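Good morning, and thank you for coming. I shall walk through one structure, moving from a pair of strands to a pocket.

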Amino acid sequence: MRFALLNDQRVEATPGAKGVCPGCNAEMLARCGTKKVWHWAHRGRRHCDHWWENETEWHRDWKNRFVTDW
């Protein structure tokens, strides 16, 4: 997931950050390693989005073509 909520603001993942899922209000953890695109993940194996799929760098580049408010 690209964005989580922090103080009611949409934020991208940064190392050590914590946020809240905009879909289910569950706690989100920032995943900021060296092998995958930085992203937010639910704590545990929870998937609140039925359309969820792994997001590749190509997928993220495609999503970056749209304004972030969408």
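**From a hairpin to the largest pocket**

Let us begin in strand β2, which covers residues 9–12 and holds glutamine 9. Please bear in mind that the model is predicted. Is glutamine 9 buried or exposed? Its relative accessibility is 51%, and exposed means over 50%, so glutamine 9 counts as exposed. Now compare its position with that of tryptophan 52. These two residues are 43 apart along the chain, and 22 Å separates their C-alpha atoms.

What does strand β2 pair with? Its partner is β1, and the two strands run in the antiparallel sense, with four bridges between them. We can follow this pairing residue by residue. Leucine 6 stands opposite glutamine 9 of β2, and phenylalanine 3 stands opposite glutamate 12 of β2.

Two residues lie between the strands of this hairpin, and within the hairpin asparagine 7 takes a positive phi near 55 degrees. A word of background is useful here. Most residues other than glycine have a negative phi. Asparagine 7 has its positive phi although it is not a glycine. Its place is in the loop between β1 and β2, and it counts as exposed because its relative accessibility is 69%.

Where is asparagine 25, which also has a positive phi without being a glycine? It is found in the loop between β3, residues 18–20, and β4. Its phi is about 65 degrees. With a relative accessibility of 60%, asparagine 25 therefore counts as exposed.

Let us return to strand β2 for one further residue, arginine 10. At 40% relative accessibility, and with partly exposed lying between 20% and 50%, arginine 10 is therefore classed as partly exposed. Which residues does arginine 10 touch, once neighbours within four places in sequence are left aside? They are Phe3, Ala4, Leu5, Thr68, Asp69 and Trp70. For one of these, threonine 68, we also have a C-alpha separation: 8.9 Å from arginine 10, across 58 residues of chain.

We now turn to the interior. In soluble globular proteins, nonpolar side chains tend to be buried together. The largest nonpolar core in this model consists of seven residues, namely Ala4, Ala13, Ala17, Cys21, Met28, Ala30 and Trp40.

Let us look at one member of that core, cysteine 21. Beyond its neighbours within four places in sequence, cysteine 21 is in contact with Met1, Ala26, Met28, His42 and Cys48.

Histidine 42, just named among those contacts, lies in strand β5. Is histidine 42 buried or exposed? Buried means under 20%, and the relative accessibility of histidine 42 is 10%, so it counts as buried. Its own contacts, again without neighbours within four places in sequence, are Met1, Cys21, Cys24, Ala26, Glu27, Met28 and Cys48.

A second histidine, number 59, has its place in helix α1. Histidine 59 counts as buried because its relative accessibility is 16%. Leaving aside neighbours within four places in sequence, histidine 59 is in contact with Glu53 and Asn54.

Finally, we come to the empty space. Rolling a probe the size of a water molecule over the atoms shows where such space is left. The largest pocket has a volume of about 1200 Å³. How many residues line the largest pocket? There are 38, and those nearest its centre are Met1, Arg2, Trp52, Glu53 and Glu55. Four elements each give two or more residues to this lining: β1 (3–6), β4 (27–31), β5 (39–42) and α1 (57–63). Helix α1 gives the most, with five residues.

What kinds of residue make up the lining of the largest pocket? They divide into 17 nonpolar, nine polar and twelve charged residues.

To close, let me link two parts of this account. Glu53 is in contact with histidine 59, and Glu53 is also among the residues nearest the centre of the largest pocket. Likewise, Met1 is in contact with histidine 42, and Met1 too is among the residues nearest that centre. Thank you for your attention.

Definitions and conventions. Residues numbered from 1 in each chain as written. Predicted model: local features only at pLDDT ≥ 70, side-chain atom pairs only at ≥ 80, totals over all residues. Heavy atoms only, no water. 1 Å grid on protein atoms, 1.4 Å probe; cavity = no way out; pocket = protein on both sides within 12 Å on 5 of 7 lines; lining within 4 Å. Points joined across faces, edges and corners; volume = space filled by probe spheres on them. Nonpolar A, V, L, I, M, F, W, Y, C, P; charged D, E, K, R; others polar. Buried < 20%, exposed > 50% of the residue type's maximum accessible area, 1.4 Å probe, protein only. Core = buried A, V, L, I, M, F, W, Y, C linked by side-chain atoms within 4.5 Å. Contact = heavy atoms within 4.5 Å. Pairing = 2+ DSSP bridges.
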